[in-house]
Structures are given as C-alpha cells and as structure tokens.
Amino acid sequence: MADLRVLKRRCRNKRLTSLAAKVIVLDKLDYCSSAKNLTQVRQCPRVKFVKGDVRSFDLVLHVLNTEHVDTVMHFAAQSHVDNSFNNSFEFTKTNIEGTHILLEACRLARCTIRRFLHVSTDEVYGESSHASFRGDSNTERATLLAPTNPYAASKAGAEMLVMAYGRSYNLPFIITRGNNVYGPNQYPEKAIPKFSILAKREKKIPIHGDGLATRSYMHVQDAVEAFDVILHKGEDAHVYNIGAREERTVLSIARDICRLLERDPDETITHVCDRNFNDRRYFIDCSKLLALGWLQNKTWDAGLAETVEWYATQDLESYWGDIAQALEPHPVFAPSRVISFLDEIDDICQPADSRLVQNAAY
Ligand SMILES: NC(=O)c1ccc[n+]([C@@H]2O[C@H](COP(=O)([O-])OP(=O)(O)OC[C@H]3O[C@@H](n4cnc5c(N)ncnc54)[C@H](O)[C@@H]3O)[C@@H](O)[C@H]2O)c1
C-alpha cells in the first residue's frame, strides 16, 4: 500500500524514527521493485513489511484488522505506460481491481479508516491543450478525465471507485494526481534511469518519435514532501494535483543526461517509432497544493546530477537482476500472460458469501 522509495527517503531523513505512528508496507515486490530499497526502512523500529498482493482480499483485511490501520496510502500499481500498450489486462487487474479490493477491505475491516489517500496520476486528464498555459484547465475541479492510454484509463477507473466509496460509504478519501517522479532507486524502465544507464554504458538512447513531447519531472524528495503535506493538511473528498514547476521535452532530457555523462548527444541519441499514442504534454495547475504550503525544493540540475550519478555508480543488477528488457525502446510482451489473467479473473470476481456484509461502514 505504500511506496518503498517514499518510506526509504523518509527514514533516511530520520522522520519515521521520530513518528509515533507505525507504518505497515504491503507490497508484492513485483518485477520493478527491489528488497534492497528496503534496507534503510528495515532499521526503523516502527516499520513493518508485509510481502503480499493488494488483490488478496483476505490478506489485506487481515493486515487492516490485526494492525489496527487507520490511514491508507495507496501507491501499489502497474505504473509503466509502455507496458500498458502490450499488457493492458495486467493494469486493469492491479490498478482497478486491486484498488477495489483494497476499498472493500477497508469497508469491511473492524478498524476505522480515517484517511484513504489514493495516489493517481496527471495522465488521467489526458493530453493538455495549450489553453492550459493560462491555467484555465487541468485544475482538479474544472477538468473532465480523458485518459488516452490503458495505464491512464486504469488509474482513472480506480479513481472512480474511490470517489464512489466516498459517496456510498463515507470513506474519507483524498486523491492525488501527480506529474512524473524521478530520482535514485527507480526501476530502469522509466525514461531518466533508462537514458542514464544506456548513456553510461555507451549505448544508444532511443527516443520515441520526434522527442518533442513535453513532461514535467519532480524529484522524489519533493514528491514525498507533497504526500506528507496532503496527508496532514489536505481536506477529505478533495483532489490535489502535484505539479512540477518546469516542462521539458524528452529530447532535452536525453541531451542533459548526455552532457552530465560527457557523451556526444548527436552520436548517442536515436529516434525510434513512437508509442501507440503519445500525449504531447501534461500541464497541471497545482495552486491548491501550493496553498497548503508545499514547495518544490530540488532544482532540476541538482536532482538530475544526483540521479545520473546514482545510476552510474550502483551495481544495478544487484537491485533488479537482469534489466536488459527494461532498457529496450519498447517492452516485449509475452502473450501467455493474457491467457493466465483470463483464467484467473473468474476466481477473483467471486467473493465468498461471508464477505458480502451488508451496510458495513467505515
Ligand atoms: N512514477 C511516476 O512518475 C508517477 C507519477 C504519478 C503517479 N504515479 C503513481 O504513483 C504510484 C507509485 O508509482 P511508482 O513510480 O513508485 O511505481 P513503481 O512501478 O515503481 O512501483 C509500484 C510498486 O507497486 C508494487 N505493486 C505492483 N502491483 C502490486 C500488487 N498487486 N500488490 C502489491 N504491490 C504491488 C510493486 O511491487 C512496486 O513496489 C502508482 O500508483 C503510480 O500510478 C507515479
């Protein structure tokens, strides 16, 4: 339920050690995660790690009841857009069904959930228009969700369930919609680690299409602060955008990485076919979060240099094993996984009668 990198960062800052709260991390340690990212967290006496799937209703309910959970931060997801084009069932399964199961477990748990912070994404808005520059769209209230890829659609679907549980069962929820996050410890499938590793290894950096799609990147430390502020100061039933200050083209990001690693961008960067659909930009207005007191502190130059350095100096295979597939321009998908999902779906959608408790509330 919680993001390992967020906890790691907080622990390093000695904040978790001084918190009275106990934190339970539930994570299935999927292909993109590494137990090494938990090393510092394990030293925090108030942190407990449970390896498990958010889609396991019994496990989630057990954890909520036995640990007397009162706050849920729901980060667990399939999060890589590229994978979602070829493996979209997996995204429905984890992001929509996983969220539904978590919500239902919260509804039926004996403990009282006082805050359910659901982590969504800027991608649910779909592609921004240039009107967004004036700040008159992609505010939390004014904009309809218009996802354009299976990942974004699954995140939008999950949001709908969270909102419905808020209305139907008075779940005290908050939703966040954030820009891209980068920093050390991130699985190499995402653009910044992928580009850094390839450039360091003197391989080509593949850019989707013309590379002129813009993205806003926020350092993980700033994202952690945003979640902290929203968790403690946000209002129930509100949505908060978490927005980075500046927009950059994917091409300029690759060039910045080449410069840091002293690689010739013209020799290193190559263009490959684009995604099935590639949103040109995501602009979000985050004035609502700024009003709560959050500020983006890490500059792009400092954050990127620190991140590129981390990927250049770590034994990455000791974190994630073989990362060759993550470095491919477009991930290759094994079709057998679709079939196994279809077999599985019937079992998961048939809850035992004992779970159908009527009128349970938070
Ligand atoms: N990374 C970004 O740029 C970004 C931007 C906006 C929003 N988000 C959202 O933030 C959240 C975290 O993103 P991230 O980049 O850390 O993702 P990630 O892919 O790096 O990590 C996802 C985590 O969820 C776990 N997980 C996956 N399926 C699970 C399941 N069924 N049960 C339990 N655990 C499971 C994985 O093991 C992993 O630790 C996601 O909800 C994502 O949609 C991410």
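Two strands count as paired here if DSSP finds at least two bridges between them, and with that criterion in hand the strands of this predicted model can be followed from one sheet to the other.

The four-stranded sheet is open, with its strands in the order β3-β4-β5-β9 and with parallel pairing. Its edges are formed by β3, residues 71-74, and by β9, residues 238-242, each of which pairs on one side only. Between neighbouring strands of this sheet the average turn is 15°, with direction ignored. Within the sheet, β5, which covers residues 173-178, is joined to β9 in the parallel sense over five bridges, and in β9 it is valine 239 that serves as the bridge partner of isoleucine 175. Helix α6, spanning residues 150-169, packs on this sheet, where it touches both β4 (115-121) and β5, and the direction of the helix makes about 155° with that of β4.

The three-stranded sheet is likewise open, but its strands, in the order β6-β8-β10, show mixed pairing. Here the edge strands are β6, residues 180-182, and β10, residues 247-249, and each of them pairs on one side only. Neighbouring strands of this sheet are turned against each other by 50° on average, direction again being ignored. Strand β8, made up of residues 214-219, pairs with β10 in the antiparallel sense over three bridges, and threonine 214 stands opposite threonine 249 in β10. Helix α8, which comprises residues 220-233, lies across β6 and β8 and runs at about 75° to β8.

Definitions and conventions. Residues numbered from 1 in each chain as written. Predicted model: local features only at pLDDT ≥ 70, side-chain atom pairs only at ≥ 80, totals over all residues. Helix = DSSP H or I, 4+ residues; strand = E, 2+ residues; numbered from the N terminus. Axes fitted to C-alpha atoms, helices over the stretch in contact; angles between N-to-C directions. Contact = placed C-beta atoms within 7 Å.
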